[in-house]
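Colleague: Could you take me through this model step by step, and explain each term when it first comes up?

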Amino acid sequence: MVLKDARPFGPATGLSCRECGTVYELGPIFACSECFGPLEVAYDFGEVRRQDIESGPTNIWRYRALLPVPADVASKPNLQPGWTKLVKADNLAAELGLRSLHVKDDSGNPTHSFKDRVVSIAVEAARTFGFHTLSCSSTGNLAGAVGAAAARAGLDSCVFIPANLEEAKITMAAVYGGRLVGIDGTYDEVNRFCSELIGDELGEKWGFVNVNLRPYYAEGSKTLAYEIAEQLGWRLPDQIVIPIASGSQLTKIDKGFRELIKLGLVEDKPYRVFGAQAEGCSPVSAAFKAGQDVVRPVKPDTIAKSLAIGNPADGPYVLDIARRTGGAVEDVDDREIVEAIRLLARTEGVFAETAGGVTVGVLHKLVRNGVLDPEAETVVLNTGDGLKTLDAVAAEARPTAVIRPSLEAFRTAFAN
Amino acid sequence: MSVSVRIPTILRTYTNGAAEVSAEGATLREVLQKLDADYPGIGGRILDETGKIRRFVNVYVGEEDVRFTEGLDTPTPQGSQVSVIPAVAGG
């Protein structure tokens with residue numbers, strides 16, 4: 001008889017400080033009490049085989065043996081995100097002069113952004129720790145993902161956003177019935193507020209997905225790496241372009257690739273990681289270009305609100321990874337973001353939110369500047385849905401003509 | 001100058017569990033020195049060996065992150081609110 005694996009965090013063995021290596025028991029903690037460094041989940045994976053993954057569900061739980069979740073996670077009420085399309089983007093590749101390009105299109109997730117991946121892991125941690133309320137600071141997408149996941153899991157939610165977000169993101173965050181609180185301030189101010197709330201009685205028994213559950217939450221981004229590799233036929237791409245907000249996603253995709261190599265699930269080969277920011281919020285790009293290893297915070301001003309984090313928590317690690325892998329961090333302005341959204345839509349039929357415009361815009365710029373190798377296999381991420389940031393393109397994406405319902409009117413309108 | 005300092009959860013072992021304590025000083029540097037005198041060891045958790053604010057700590061005087069102002073030389077007028085917060089949050 002095989003005993004049922006009842007470990008609530010599956011293969012996870014503890015939390016370890018990314019800065020000083022101090023090890024902690026698995027718990028709702030996120031910063032090292034020695035040095036304030038970020039805590040990361042440590043594992044003992046044992047053997048993980050491709051066929052076990054391939055026979056799993058078509059969502060992130062096919063990778064449960066690589067995540068801090070229980071073995072029976074797929075049977076619990078959650079949004080089952082992931083296994084989104086890896087679009088072979090031949091038209092865009094031809095337009096940019098690339099030999100091979102794929103778009104990992106995460107707008108296909110349940111709440112239309114990559115955030116469902118990270119939130120799903122945080123929900124499992126919240127359940128295990130006995131939290132009754134799910135919370136977060138959000139630039140928009142996360143608030144909706146938390147609201148939806150809490151509704152499905154039967155938890156309360158109370159999420160915090162800058163009050164001036166896009167209408168669609170506010171609606172999506174509110175519709176799931178939890179509490180949505182707009183704060184007059186920037187994302188960084190919302191984030192600070194949540195960090196203070198967590199130490200207060202008001203926030204007791206709350207699981208803040210990106211604060212006290214952040215070590216678990218962040219692991220969800222590894223599934224992007226796993227899926228890309230599996231969808232490429234268990235191979236790593238040569239180059240990948242990833243958006244940077246806090247820098248957590250980029251850091252965890254790199255962690256995911258390295259785990260696959262270590263476990264022998266893919267062949268070991270070099271890959272280059274490129275980070276993408278909007279010019280109006282480009283503290284990591286600025287530090288990269290200046291050759292610095294610390295990030296000086298900025299006050300954001302960009303249409304790419306989902307990336308508008310002026311004080312990115314994982315900025316230093318993004319710099320390390322870009323430099324270690326021979327990549328780079330680049331930024332594009334709002335005009336280039338809009339052009340890139342339209343370029344991706346026109347060439348591949350994928351309508352990206354502004355964050356996707358940032359990655360495709362940076363991809364374009366890196367090709368133009370000769371930084372990306374046009375012969376190498378390249379993947380670019382679209383992390384959210386264009387329907388959430390309609391204002392970015394609404395003025396330009398208009399009807400070609402408005403006519404009376406007659407053939408004559410059509411003929412006249414298109415006479416030339 | 002008396003100011004109020006908000007202590008993050010992971011440093012409350014130094015303050016006997018207090019979330020907020022008072023300290024004195026005309027600048028953030030002086031406030032942190034007084035804090036360390038009152039609660040020995042806490043200063044070394046906020047500042048690194050070279051005396052700079054650790055890279056994963058955010059310190060605010062009032063609403064403003066001191067990295068936007070004068071860092072440790074930021075003035076702390078009477079009644080200021082100083083907050084020490086772990087930086088590894090969000091995103």
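Colleague: What radius of gyration does chain A have, set beside that of a compact globule with 416 residues?
Modeller: This is a predicted model, in which local features need pLDDT of at least 70 and side-chain atom pairs count only at pLDDT 80 or more, while totals for chains, interfaces and linings use all residues. Residues are numbered from 1 along each chain as its sequence is written, and chains are lettered from A and ligands numbered from 1 in the order in which they are written. The radius of gyration is taken over C-alpha atoms, and the globule rule is 2.2 Å times the number of residues to the power 0.38. For 416 residues a compact globule would come near 22 Å, and this agrees with the value for chain A, which is 21 Å.

Colleague: What share of the residues of chain A counts as buried?
Modeller: A residue is buried if 20 or more other C-beta atoms, placed from the backbone, lie within 10 Å of its own, exposed if 12 or fewer do, and partly exposed in between. The C-alpha atoms of chain A fill a box of roughly 75 × 50 × 45 Å along the principal axes. Of the 416 residues in this chain, the share that counts as buried is 57%.

Colleague: In which order do the four strands of the open parallel sheet in chain A stand?
Modeller: Helices (H or I, at least four residues) and strands (E, at least two) are DSSP runs numbered from the N terminus, and two strands pair if DSSP finds at least two bridges between them. Strand E8 (179–183) and strand E9 (206–208) of chain A are the edge strands, since each pairs on one side only. E6(A) and E7(A) pair in the parallel sense over five bridges, and strand E7 (residues 156–162) of chain A also pairs in the parallel sense with E8(A) over five bridges. The order is therefore E8-E7-E6-E9.

Colleague: Which residue of E8(A) is the bridge partner of Phe160(A)?
Modeller: Strands of a sheet pair through backbone hydrogen bonds, either parallel or antiparallel. Between E6(A) and E7(A), for instance, Leu134(A) has Ser157(A) as its bridge partner. For Phe160(A), the partner in E8(A) is Val181(A).

Colleague: At about what angle to E7(A) does helix H4 of chain A run?
Modeller: Axes are lines fitted to C-alpha atoms, for helices over the stretch in contact, and angles run from 0 to 180 degrees between N-to-C directions; two residues are in contact if their C-beta atoms, placed from the backbone, lie within 7 Å. Helix H4 (residues 141–153) of chain A lies across E6, E7 and E8 of chain A, and its angle to E7(A) is about 175 degrees.

Colleague: Why is helix H11 of chain A called largely enclosed by the rest of the structure?
Modeller: The buried residues of H11(A) include Tyr317(A), Leu319(A) and Ile321(A). They pack against helix H9 (248–262), strand E11 (272–278), helix H10 (283–289) and strand E12 (328–332) of chain A. Helix H11 (residues 315–324) is called largely enclosed because its buried residues number seven of the ten.

Colleague: How far apart are the end C-alpha atoms of helix H12 of chain A?
Modeller: The expected span of a helix is 1.5 Å times one less than its number of residues. Among the buried residues of H12(A) are Ile337(A), Val338(A) and Leu344(A), and just after this helix Gly349(A) takes a positive phi of about 70 degrees. For the 15 residues of helix H12 (residues 334–348) the span should be 21 Å, and the distance between the end C-alpha atoms agrees, being 21 Å.

Colleague: Is Arg411(A) buried or exposed?
Modeller: Arg411(A) lies in helix H15 (residues 407–413) of chain A. Because Arg411(A) has 10 C-beta neighbours inside 10 Å, it counts as exposed.

Colleague: In what order do the elements of chain B run from the N terminus on?
Modeller: Chain B has two helices and five strands, and buried residues make up 36% of its 91 residues. From the N terminus on, the order is β-β-α-α-β-β-β.

Colleague: Which helix of chain A gives the most to the side that touches chain B?
Modeller: In all, 31 residues of chain A are in contact with 21 residues of chain B. Five residues of that side of chain A come from the helix that gives the most, which spans residues 187–197 and is helix H6.
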